[in-house]
Structure formats: C-alpha cells, structure tokens
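Hi,

Here is the structure I promised to pass on. Have a look at it first, and then read my notes below.

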Amino acid sequence: MKFKLKALYLRHEALVEEMRRRGYNHHTPLDPALATGKAVQDEFVDSYEKQVRILKERGCECRV
C-alpha cells in the first residue's frame, strides 16, 4: 500500500457511506490531509482473473 494512502482513504470513505445507508454509526474518521499518493489501487496480490476464480470456487452467489 506504499504511496497509495489516498486509495485507502477513498475506500474507507466509501465504506463509511455504505454504513450510513445501512443505519450504522461511524466512529473512525480519517484525516484527509494524510491521504497522499495514488487515488487508485493498481497493484494486487492476486490478478483480477484469479480473484474471480477464487470467488467462483467458494460456491457463493457472489456477482463476478
């Protein structure tokens, strides 16, 4: 996650919004001034294709 704190911050904010829509309270604000670097996560542990395969193998009803 080196040099991608902005991507992490934006993901956190998206989760916060989802929590609010579902009626949860949020108590972990992040300082936007610390959100530096890239706004997009473009490096992954597994390729996109492998991530899709892993989800399909779980047998859940995940939309992939």
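K4 is a good place to start: this residue is buried, with a relative accessible area of 6%, where the cut-off for buried is under 20%. Keep in mind that this is a predicted model, so treat my notes as a reading of a prediction.

What does K4 pair with? K4 makes a salt bridge with D42, and their closest N and O atoms are 3.8 Å apart. K4 sits in the segment before α1, while D42 belongs to the loop between α1 and α2 (48-57), so the pair ties together parts that are 38 residues apart in sequence. Unlike buried K4, D42 counts as partly exposed, at 39% relative accessibility.

D42 has another partner too: its side chain meets that of K38 in a salt bridge, at 2.7 Å from N to O. K38 is partly exposed as well, with a relative accessibility of 42%.

Now for the helices. Does α1 have the length you'd expect, or not? Helix α1 covers residues 5-21, and at 1.5 Å a residue its 17 residues should span 24 Å; the C-alpha atoms at its ends are 24 Å apart, which agrees. Which residues of α1 are buried? They are A7, Y9, H12 and V16. Some of that spacing makes sense because an α-helix has 3.6 residues a turn, so residues three or four places apart point the same way. Just after α1 comes G23, which takes a positive phi of about 90 degrees.

Over in α2, R53 and E57 are worth a click. Their side chains meet in a salt bridge, 3.7 Å from N to O. Both residues lie in helix α2, four residues apart, which is about one turn of the helix. How exposed are the two? R53 is partly exposed, with a relative accessible area of 43%, whereas E57 counts as exposed at 59%.

Back to the salt bridges around D42, then: those that share partners join K4, K38, D42 and E43 into one network. In total, the structure holds eight salt bridges, and the ones I've described here, including K4 with D42 and R53 with E57, are a handy way in.

Cheers

Definitions and conventions: Residues are numbered from 1 along each chain as its sequence is written. This is a predicted model: local features need pLDDT of at least 70, side-chain atom pairs count only at pLDDT 80 or more; totals for chains, interfaces and linings use all residues. Side-chain values use heavy atoms; hydrogens and water are left out. Helices (H or I, at least four residues) and strands (E, at least two) are DSSP runs, numbered from the N terminus. The expected span of a helix is 1.5 Å times one less than its number of residues. Buried means under 20% relative accessible area, exposed over 50%, partly exposed in between (1.4 Å probe, protein chains only). A salt bridge is a side-chain nitrogen of Lys or Arg within 4 Å of a carboxyl oxygen of Asp or Glu.
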